[in-house]
Amino acid sequence: MTVQGTTMLDLGQRNELIVLDAVRHAPEGTSQSEVVATSGLSRQAVSLITRRLREQGLIETDGTLAGSRGKPRTVLRVVPTARLAAGVHLDPSQIALVIVDLLGRPVAHRSLPAPTEDPAADIDRIAEALREMQATLEAEGWRTPAGATAREAMLGIGVASPGGIDVREGVVVNPPWLPGWRGVPLVARLEAATGLPAVLDKDTNAALTAENWSTGQRPEETVLYVFTGAGIGSAVSVGGRVHHGAAALAGEIGHLPTGLEGPVCGCGRRACLSQFTDVSSLLAAAAQGLPTPAEATRLPADAQPGAGDAQPGSAEAQPGPAASPSGSLEELARAAAEGDERMQGLLTAYGVALGEALRTLVGIHDPHRIVLGGPHWDTLAPHVLPAVEQSVRRDAPPEQLRLESSRLGGDVGALGAAALFLQSELSPATR
């Protein structure tokens, strides 16, 4: 049994996607007149297209707006529950799955054990979990306004994976955190297992896609997204379009030099960002009490934490053989919050290193906004954000650059994966 849907969109023409996109970007409602103004299409074309979209159940009318002149305008809104999409995030710590509506809002969530060295078995687990999630929604009475079940309303699946990947071929090539997942034709296998179309992209690109899909982006706006997972990565979009690069390798910033003093990285450079931000390095240093990049680093004078903060490398931040967390980032952060100065030092160094790397990225991309998110960001933010902001603000006046945390939480990878598919199907920019 597959999870194949039966209501794939057949919009055919790019103009229909333009109108649907214009209505979707107005969550409070819009009118045909406003769609004409924003889309550049003729009034007659917009009228015909909105009629077709209403017949397909994708948009609806919702009252009227009184204008300053002429007759009241009919309000148009997207019907969020008219269709669904699934998202899968392959993370070294777990496989996260979500089902979302047309606005990218989750309607179901599930977490599976971490990927193994048997990708075929993992893909079967994903397919079975999606079937179970759809069955649960059906048992709970979920239906589209037209009466379709979750299985019938499902458009397809997006998958987010650590790099490197081949986006065009749908192949996971050589992800550094997933042993056994080398050269896996993930899209083809998942499509065969589920009967649904699928797309693949990097988790960093997926996360930024989720941000753009859920919050919107001005046509001229450049957004820099920093993804905090097992490692660290970034993504950039302009006007809502994510930059991939020639081989989908854009945003691999783990070996970006921080400009700090630290040990030589395995790549041959000194004090690479990953030495401060890879979760495995943080936990190993915390558990073993070994010298860390944080303790070996002399921070620039203008990047020093406040006088009341523990400073990596200081006597206060090295209490000797004190007890260490037992193996999770959450426990490390909890120990820091409870006053463990060595854990505070590790996290402060994370923030300073990330801030220094962001200074370089800001100089390259000149973004309007920086968004920080990912599976671990909510845990890290209270401890590292002050140092990040202090570093970034040295070069960027507050009024010229917004620095914010993602509002999508730890599931942003899976939400982004679902948004990838929604964008591939419903965004006029992809046609």
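Begin by selecting strand β10 together with strand β13 (residues 369-373): the two run parallel and are joined by 5 bridges. The model in the viewer is a predicted one, and everything on this tour should be read with that in mind. Within this pair, centre the view on F227 of β10, which stands opposite G373 in β13.

Next, extend the selection to strand β11 (residues 232-238), which runs antiparallel to β10 and is joined to it by 7 bridges. β10 and β11 make up a hairpin, with 3 residues between the two strands, and at T228 the residue standing opposite in β11 is I232.

Now keep β10 alone, residues 222-228, and colour the strand by accessibility: 7 of its 7 residues are buried, so that the strand is mostly covered. In a regular strand the side chains alternate between the two faces of the sheet. Displaying side chains here, you will find T222, L224, V226 and T228 pointing one way from β10, while V223, Y225 and F227 point the other way, and the residues of both sets are buried.

From the strands, move on to the largest nonpolar core, which has 43 residues, and highlight L332, L354, L358, I370 and L372, the members that touch the most other members. At least two residues of this core come from each of β10, β11, α9 (279-288), α11 (329-337), α12 (341-365), β13 and α13 (377-393). The largest share, 12 residues, is supplied by α12.

Select L354 next and show its surroundings: leaving aside residues up to four places away in sequence, L354 touches V226, I232, L273, L372 and V388. Apart from this core lies another one, of 41 residues, and to find it you can select A96, V100, A414 and A419, which are among its members.

For the last stop, go to D101, in the loop between β4 (94-100) and β5 (106-112). Is this loop residue buried or exposed? D101 counts as buried because its relative accessibility is 3%, which falls under the 20% cut-off. Showing side chains at this site brings up a polar contact between the side chain of D101 and that of R105, at 2.9 Å. To see which residues surround D101 from elsewhere in the sequence, add P80, T81, R83, L84 and L422 to the selection, since D101 touches each of these when residues up to four places away in sequence are not counted.

Methods: Residues numbered from 1 in each chain as written. Predicted model: local features only at pLDDT ≥ 70, side-chain atom pairs only at ≥ 80, totals over all residues. Heavy atoms only, no water. Helix = DSSP H or I, 4+ residues; strand = E, 2+ residues; numbered from the N terminus. Buried < 20%, exposed > 50% of the residue type's maximum accessible area, 1.4 Å probe, protein only. Polar contact = N/O pair within 3.5 Å; in protein donor to acceptor, adjacent residues only side chain to side chain. Contact = heavy atoms within 4.5 Å. Pairing = 2+ DSSP bridges. Core = buried A, V, L, I, M, F, W, Y, C linked by side-chain atoms within 4.5 Å.
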